[in-house]
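Visitor: I should like to take a close look at a single part of this model. May I begin with one question about it?

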Amino acid sequence: MTSKRPRIFYGWMIVFVSAVGLFLGPPLMIFSFSVFFKSLVQDFHASRATVSFAFSLFNTVGALLIPCTGMLIDRFGAKRVILWFTLLYGLSLCSALWVGSAVWQLYLLFIILGVTMASGPAPVTYGVVISHWFNRNRGLALGMSMMGIGIGSVVVPILSQRLITIFGWRTTFAIFGGAVILLPLPILAVLLQNDPGQRGLQPDGDEKIQLVPARPPAREGLTWHEIWHEPAFWILICIFSLAGASVHGAALHMSAIFTDRGVTAERAAIATSLVGIAVMLGRLGSGYLLDRLFAPRVAILFYGATALGIAILCAGTSGPLALSASFLVGLGMGAEVESMAYMMTRYFGLRAFGTAYGHAFGAFMLAGAAGVFLMGAGFDRFHSYTIPLAALCGAMVFALILLTRLGPYRYGVETKPDKSTQPIEVPKIA
């Protein structure tokens, strides 16, 4: 007698919940920082470098703590970590109301936000959940869950600017903090599950086959000690670091690159918008292809597009060709997070995935911050973006070479069970 299963796999609900949880995380603190920037400069009567350092503290603290987040997830489960730190993240945003006029108070606020966001509404925490729920469709599921960041990066900055104009930056932070506590947090508490086993399901919604004697399957994968000594792990760390530095360095300086060449601010804004559109398309496109092609080849496709886009910008072109280059840069930026998570699961399994992914994402964030800084420092030194862009292009080419050095998966994609060849459930003998 066959058991009735839901027509829609609950894992897709997990994807939706993950997208909701990510909507007010990176889109608010990373993609909207430029919206808050001038208000912070005016309110604290500080230089741009002084205020920029607040974001540097936020990014660095988050990057250093993400590996610890991975360890907490592997020990206590992702849901518990996400719920507690999402609550703390919302309360931290509300605490902006009590920030005075001293710059050190602004720094303290951003440090606390870096700690709470890294372990709450961050790609690592939800990437772990999605990877447990999906196997054959893992790439697409990761890409769709990260669409919460993509949509938020378009909506949240516009909404932030509106709220800042009406209420100021402190109240705007508090409003978003209240929204985090009242909207995604209850949804996460009710609907989020660590893995399909908690609902009596299998990854991808496959039918569960019971055999006697019934024994809980061990989580497949290498230990963290084994992963640490794997050459493939360090190759992947180098790839993600090089790509992170290159993509973030080019994307976050995109508007300045265009305006320095005499392009109007409106046209430069179009280039920035094209990056955002390409990020969303890159997430979906790479996620779809990761389930059907060898992951390093998919990464080569999208990172190669980014390398080409940076090369076009380095050549000093303008007009439609330069706009196309900004789109190509955004494709690589969109493919980074899910390709990172996907390859880590395929090469090392899920046993210590949170810890391994946390270290990889931490290196990626630090490299991204370094890329943005080096682009600015390179411009100050050479009074042009040409040489910094050439260096970023070279880094992307080196990342492409390293991708060709990765061997076959250790933990490949399991095929869907064939009902005609499934073993018959054996009744337990008293």
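Visitor: With the side chain of which residue does the side chain of Glu338 make a polar contact? Please then follow helix H9 from its beginning to the residue after its end.

Guide: The model is predicted, so local features are given only at pLDDT of at least 70 and side-chain atom pairs only at 80 or more, while totals for chains, interfaces and linings use all residues. Residues are numbered from 1 along each chain as its sequence is written, and side-chain values use heavy atoms, without hydrogens or water.

The partner of Glu338 is Arg283: their side chains make a polar contact at 3.4 Å (a pair of N or O atoms within 3.5 Å, one able to donate a hydrogen and the other to accept it; residues adjacent in sequence count only if both atoms are side-chain atoms). Glu338 belongs to helix H17, residues 320-348 (a helix is a DSSP run of H or I with at least four residues, numbered from the N terminus). Its relative accessible area is 0%, and therefore Glu338 is buried (buried means under 20%, exposed over 50%, partly exposed in between, with a 1.4 Å probe and protein chains only).

Helix H9 covers residues 147-167, a total of 21 residues. At 1.5 Å a residue it should span 30 Å (the expected span is 1.5 Å times one less than the number of residues), and the 29 Å between its end C-alpha atoms agrees with this. The helix bends by about 35° at Ser153 (the angle between axes fitted to the seven residues ending there and the seven starting there). Pro157 follows within four residues of that bend.

Ser153 and Pro157 are both among the buried residues of H9, which also include Met147, Ile149, Val156, Leu163 and Ile164. Val154, another residue of H9, is partly exposed because its relative accessible area is 40%. After the helix comes Gly168, with a positive phi near 95°.

Positive phi values also occur in residues other than glycine, including Asp204, where phi is near 70°, and His383, where it is near 55°. Asp204 lies in the loop between helix H11 (184-191) and helix H12 (224-228), and His383 in the loop between helix H18 (353-382) and helix H19 (386-403). Asp204 counts as buried because its relative accessibility is 11%. His383, with a relative accessible area of 66%, is exposed.

Key: Helices (H or I, at least four residues) and strands (E, at least two) are DSSP runs, numbered from the N terminus.
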